[in-house]
Amino acid sequence: MPLAGTGEIVGAAAAARYGCGAFNAIQLEHISAIVDGAAAARTPVILQLSQNAVKYHGSLAPVGAAALAAAREAGTPVAVHLDHAESADLVREAVSLGFGSVMFDASKLDYTDNVRATREVAAYCHDHGVWVEAELGEVGGKDGVHAPGARTDPDEAAEFVASTGIDALAVAVGSSHAMLTRDAALDFELIARLRERVPVPLVLHGSSGVPDDGLAEAVRAGMTKINIATQLNKVFTAAAAEDWRAHPERVDPRKYLGAGRAAVAVEVRRLLEVLKLDHVEPVKVTIEQTLRD
């Protein structure tokens with residue numbers, strides 16, 4: 001299957017008012033699990049690699065090539081996206097590798113410098129047919145400007161989009177990166193006001209800290225692209241650790257890494273069902289069902 005375009009996936013979701021799942025991978029097991037879960041859900045998906053994941057691997061090319069290959073072999077449309085890139089050089093490398101979209105994060109800069117840097121990156125990406133997401137307003141859970149409780153101003157957001165030419169905007173509405181509990185309280189009224197003022201799809205970062213009903217309500221209020229990372233890491237680590245504790249004699253890492261991969265595939269399928277708004281309550285899907293389907 002040809003590599004899917006992020007713009008097409010997000011645009012279709014925005015038009016139909018359902019949520020588009022965007023899942024972060026750290027290593028090959030994550031990549032495989034995200035693709036398998038999306039195929040089982042029969043739903044397009046965005047496979048993301050963050051700048052931090054790139055640092056973990058030492059460079060973008062090897063893990064990026066693996067993500068692109070997995071996307072092309074998938075049984076459902078999969079787009080490959082660079083997440084939270086703070087370096088224009090890294091953006092250019094992703095574009096040269098064939099990534100269909102990037103998220104350029106200049107939110108540590110002041111507003112004027114953020115606009116200038118983002119506009120330059122957006123122009124470069126658009127010249128190469130690449131879709132661009134950017135961030136205005138700090139999302140919690142990170143040091144520096146990423147302060148908990150930050151909120152995006154709708155008027156400033158509309159001005160930012162007009163000044164930069166970006167294709168989607170990540171906004172701060174109450175979620176926080178790296179949350180280990182799913183109890184974040186989103187500002188749904190603010191989401192609705194942002195949706196009214198901003199002419200491009202809205203992106204929710206820090207979605208792992210939002211419960212299922214909160215994710216569904218965020219989509220109904222106007223969110224489209226839903227980024228999920230920490231929740232997959234929690235599921236992966238728990239399943240791998242459980243397998244290792246049950247079989248401490250094993251020395252083949254494929255056994256416990258495989259358990260983590262299978263558990264993530266189930267969670268990806270389940271979350272995609274939640275974002276379709278067909279199910280608000282958690283969908284009961286087993287590992288066996290996901291792998292069989």
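**Exercises: a histidine site and a barrel**

UniProt, in an unreviewed entry, puts the feature "binding site" at H84, H177 and H205. The model you're looking at is predicted.

**Exercise 1.** Take H84: find its place in the fold, decide whether it is buried or exposed, and find the polar partner of its side chain.

*Solution.*
- Start with the location: H84 sits in strand 3, which covers residues 78–85.
- Next, accessibility. The cut-off for buried is under 20% relative accessible area. H84 comes out at 8%, so it counts as buried.
- Now the partner: the H84 side chain makes a polar contact with the side chain of D105, at 2.9 Å.

**Exercise 2.** Work out what kind of sheet strand 3 belongs to, and in which order its strands run.

*Solution.*
- Trace the strands round: the order is 1-2-3-4-5-6-7-8, and the eight strands make a closed barrel with parallel pairing.
- Then check the twist: on average, neighbouring strands of this sheet are turned by 25 degrees against each other, ignoring direction.
- Add a helix: helix 2 (residues 28–41) packs on the sheet and touches strand 1 (20–24), strand 2 (45–50) and strand 3. Its direction makes about 165 degrees with that of strand 2.

**Exercise 3.** Find how many bridges join strand 5 to strand 6, name the bridge partner of A134, and say which helix lies across the two strands.

*Solution.*
- Count first: strand 5 (residues 131–136) and strand 6 (residues 168–171) run parallel and are joined by four bridges.
- Zoom in on A134: its bridge partner in strand 6 is L169.
- Finally, look for the helix: helix 7 (residues 154–164) lies across both strands, running at about 145 degrees to strand 5.

Terms used: Residues numbered from 1 in each chain as written. Predicted model: local features only at pLDDT ≥ 70, side-chain atom pairs only at ≥ 80, totals over all residues. Heavy atoms only, no water. UniProt positions renumbered as here; feature names shortened; annotations may be inferred. Buried < 20%, exposed > 50% of the residue type's maximum accessible area, 1.4 Å probe, protein only. Polar contact = N/O pair within 3.5 Å; in protein donor to acceptor, adjacent residues only side chain to side chain. Pairing = 2+ DSSP bridges. Axes fitted to C-alpha atoms, helices over the stretch in contact; angles between N-to-C directions. Contact = heavy atoms within 4.5 Å.
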